[in-house]
Amino acid sequence: MLWIFFDEKNLYVAARCFDSDPKKEIATEMRRDENNVIQNESVSFVFDTFYDRRNGFFFQTNPLGAVRDQSITDDQTNASWNTVWDVKSVQDGEGWSTELVIAFKS
């Protein structure tokens, strides 16, 4: 399940990730921009703000609240791009949930 909200300053994204056996979830990575986040349970969001399918902004997190972001320009990723955003994730008996807040002026 996914929810997207916004106000005059921020974009908010919330996701609920259900798992029939959450004890088997892999969540080991917390280092910022670490490629190993993809080896964990994770969710990723790409915002194509110009709707041109060539440029955008990538955000990824895991059940521990890891932070991974990239800009995309002409289909090329820039992993050193770091913007202002925050994430909180929580694990429970049914899976995990995450909430992101991304400042529009980043």
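Start by selecting Lys 24, which is exposed, with a relative accessible area of 64%. Before going further, keep in mind that the model on your screen is predicted. Now add Asp 21 to the selection: its side chain forms a salt bridge with Lys 24, and the closest N and O atoms are 3.6 Å apart. Asp 21 has a relative accessibility of 29%, so it counts as partly exposed. We will come back to charged pairs later; the strands come next.

**Stop 1: the sheet with β1, β2, β8 and β7**

Colour the strands of the open sheet that runs β1-β2-β8-β7; there are four of them, and the pairing is antiparallel. At the edges you will find β1 (2-6) and β7 (85-92), each of which pairs on one side only. Look along the sheet and you can follow a twist that averages 10° from one strand to the next.

Select residues 2-6 and then carry on into β2. A hairpin of three residues joins β1 to β2, and the two strands run antiparallel with five bridges between them. To see one of these pairings, pick Ile 4, whose bridge partner in β2 is Val 13.

Keep Val 13 selected and look to the other neighbour: in β8, the bridge partner of Val 13 is Leu 100. Strand β8 covers residues 95-103, and nine bridges join it to β2 in the antiparallel sense. Leu 11 is another good place to pause, as it stands opposite Ile 102 in β8.

**Stop 2: the core**

How many residues of β2 are buried? Switch on a surface and check: seven of the nine are, so to speak, under cover, and the strand is mostly covered. Now select Val 13, Phe 45, Phe 47, Phe 59, Trp 85, Leu 100 and Ile 102 together. These residues have the most contacts inside the largest nonpolar core, which has 15 residues. Colouring by element helps here: β2, β3, β7 and β8 each give two or more residues to this core. The largest share, four residues, comes from β2. As a general background to this view, nonpolar side chains in soluble globular proteins tend to be buried together.

**Stop 3: a nonpolar patch on the surface**

For a contrast, turn to the outside and select Met 1, Trp 3, Phe 5 and Phe 18. Together, Met 1, Trp 3, Phe 5 and Phe 18 make a nonpolar surface patch of about 470 Å². Is Phe 18 buried or exposed? Its relative accessibility is 52%, and because the cut-off for exposed is over 50%, Phe 18 counts as exposed. Trace the backbone from Phe 18 and you are in strand β2, residues 10-18.

**Stop 4: the sheet with β3, β4, β5 and β6**

Next, colour the open sheet of four strands in the order β3-β4-β5-β6, where the pairing is again antiparallel. Its edge strands are β3 (43-47) and β6 (76-78), each pairing on one side only. The twist here averages 25° from one strand to the next.

Select residues 68-73 to bring up β5, which pairs with β6 in the antiparallel sense over three bridges. For a single pairing, pick Thr 73 and look across to Gln 76 in β6, its bridge partner.

**Stop 5: salt bridges**

Finally, show the charged side chains. How many salt bridges does the model have? The count comes to six, and the pair of Asp 21 and Lys 24 from the opening is one that you have already visited.

Select Asp 69 and Arg 32, whose side chains meet in a salt bridge at 2.7 Å, N to O. This pair links distant parts of the chain: Asp 69 lies in strand β5 and Arg 32 in the loop between β2 and β3, 37 residues apart. What is the relative accessibility of Asp 69? The value is 0%, so Asp 69 counts as buried. Its partner, Arg 32, has 40% and counts as partly exposed.

Move on to Asp 74 and Arg 54, where the side chains meet in a salt bridge of 3.7 Å, N to O. Here too the pair links distant parts of the chain, with Asp 74 in the loop between β5 and β6 and Arg 54 in the loop between β3 and β4 (56-61), 20 residues apart. Asp 74, at 44% relative accessibility, counts as partly exposed, and Arg 54 is partly exposed too, with a relative accessible area of 38%.

For the last selection, show Arg 16, Asp 92 and Glu 94: salt bridges that share partners join these residues into one network.

Terms used
Residues are numbered from 1 along each chain as its sequence is written. This is a predicted model: local features need pLDDT of at least 70, side-chain atom pairs count only at pLDDT 80 or more; totals for chains, interfaces and linings use all residues. Side-chain values use heavy atoms; hydrogens and water are left out. Two strands pair if DSSP finds at least two bridges between them. Axes are lines fitted to C-alpha atoms, for helices over the stretch in contact, and angles run from 0 to 180 degrees between N-to-C directions. Patches are made of residues with over 30% relative accessible area and no salt bridge: like charges are joined within 9 Å, nonpolar side chains (Val, Leu, Ile, Met, Phe, Trp, Tyr) within 5 Å. Accessible areas come from the Shrake-Rupley method with a 1.4 Å probe; for residues, only the protein chains shown count as cover. A salt bridge is a side-chain nitrogen of Lys or Arg within 4 Å of a carboxyl oxygen of Asp or Glu. Buried means under 20% relative accessible area, exposed over 50%, partly exposed in between (1.4 Å probe, protein chains only). A nonpolar core is a set of buried Ala, Val, Leu, Ile, Met, Phe, Trp, Tyr and Cys residues joined through side-chain atoms within 4.5 Å.
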